[in-house]
Amino acid sequence: MKPKIAVSIGDLNGIGIEIALKAHAQISKICKPIYCINKQMLEASCKELKVDIPKDFKTFNTKGEFNIKPGLVSKKSGKYSYDSFMDAIKLADKKEVDAICTLPINKEAWNKAKISYKGHTEVLRDYFGKNAIMMLGCKKMFVGLFTEHIPLKKVPKKITEDDLTIFLVDFQKSVKSNKIGVLGLNPHASDNGVLGDEEIQIFKAIKNANKILDKKIFTGPLVPDIAFSPMSRKNYTYFVAMYHDQGLGPLKALYFDESINVSLNLPIIRTSVDHGTAFNIAYKNEKVNLKSYINAIKEAISLSNSK
């Protein structure tokens, strides 16, 4: 039996709905997608794209209606993308679907809609009361983010022995890898304290986590500027980065078109594309890359089958 996957439709002023429509024939062969969008908004999107609605395009009636304005940051599109996501979460929480896959939202649009969250992971963390972990990547390389959408100046204070220890243990239990590289924060991993002292906390957390897991799983702190070199990537598939761009800059430089986002340490399965709303090409019927979305759907299916 094909698994059911709830798809939150993302910001309707962006590229998400076009991706869903263009990939539908392919993904419907491997799962039963349920798109969180109502009939009115689906018809309006297809009219704007000048395409027909696929006959087997099953929807969940996410309430709301507004005028689609391609490429525009709008509080109405932001609110609708949030409501679509919440509907997908509730379907998974009630076990009416096996997993959810999210199309891209726009953080500025959420802010305009007075939504306090900075992104999907923060919503999931609050909804389930669990320390959801953001991990991005592909089969060749995955990166877990210890801190996510916070200003860079706040990162050092977030790196504490206790919090990082918990994160590392939760991360390993989610990915089940026996070899994970942990990045330092400072250049040269501080050169033994010359360039900072945060690495002391990282070292202690690594030692604690390995002791708790009763195995040497984690190695580090790794020097950040060489951690993603070809030689290092031969030794590790999984990395833990201390902040957003430290991990995602190298990942997207190497595997932008195929990477996905996976939320770990939750009672539900959630995957996502690893790109934004692409407002600059929305509704222009230009060639769009479906690889990240299709990979995200496949990973959602794989995770649901392994439960």
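In this predicted model, a count of disulfides comes to 0. Two of the cysteines help to show how this comes about. Cys31 takes part in no disulfide, and the cysteine sulfur nearest to its own, that of Cys101, is 8.7 Å away. Since a disulfide calls for sulfur atoms within 2.5 Å, that pair does not qualify. Cys31 is also a buried residue, with a relative accessible area of 1%. Cys138 is likewise in no disulfide; here the nearest cysteine sulfur again belongs to Cys101, at 16 Å. With 7% relative accessibility, Cys138 counts as buried too.

Attention can now turn to the aromatic side chains, which offer plenty to look at on a first visit. The structure holds 10 aromatic pairs. One of them joins Phe167 and Phe171, whose rings are stacked, with 6.1 Å from centre to centre and 5 degrees between the planes. The two residues can be found in helix H7, which covers residues 161-175, and they sit 4 residues apart, or about one turn of that helix. Phe167 is buried, at a relative accessible area of 4%, and Phe171 is buried as well, at 0%.

A second pair has another geometry. Tyr236 and Phe239 have ring centres 5.6 Å apart and planes at 55 degrees, so this pair is tilted. The reason is that a tilted pair is one whose planes are neither under 30 degrees apart, as in stacking, nor over 60, as in an edge-to-face arrangement. Tyr236 and Phe239 are both buried. Tyr236 has a further partner in Lys179, which lies over the face of the tyrosine ring at 5.7 Å from the ring centre.

Stepping back from single pairs, ring pairs link Phe142, Phe146, Phe167, Phe171 and Tyr238 into a cluster. The stacked pair described above, Phe167 with Phe171, thus has its place within this cluster.

The last feature to visit is the largest pocket, with a volume of about 580 Å³. Its lining is made up of 21 residues, and the closest to the pocket centre are Ser174, Val175, Lys176, Leu264 and Leu303. The elements that contribute two or more residues to this lining are H7, strand S10 (260-264) and helix H11 (291-305). Helix H7 therefore appears twice in this account: it carries the stacked phenylalanines Phe167 and Phe171, and it helps to line the largest pocket. By residue type, the pocket lining divides into 11 nonpolar, 4 polar and 6 charged residues.

How values were computed
Residues numbered from 1 in each chain as written. Predicted model: local features only at pLDDT ≥ 70, side-chain atom pairs only at ≥ 80, totals over all residues. Heavy atoms only, no water. Phe/Tyr/Trp six-rings, centres within 6.5 Å; stacked < 30°, edge-to-face > 60°. Buried < 20%, exposed > 50% of the residue type's maximum accessible area, 1.4 Å probe, protein only. Lys NZ or Arg CZ within 6 Å of the ring centre and 35° of its normal. 1 Å grid on protein atoms, 1.4 Å probe; cavity = no way out; pocket = protein on both sides within 12 Å on 5 of 7 lines; lining within 4 Å. Points joined across faces, edges and corners; volume = space filled by probe spheres on them. Nonpolar A, V, L, I, M, F, W, Y, C, P; charged D, E, K, R; others polar.
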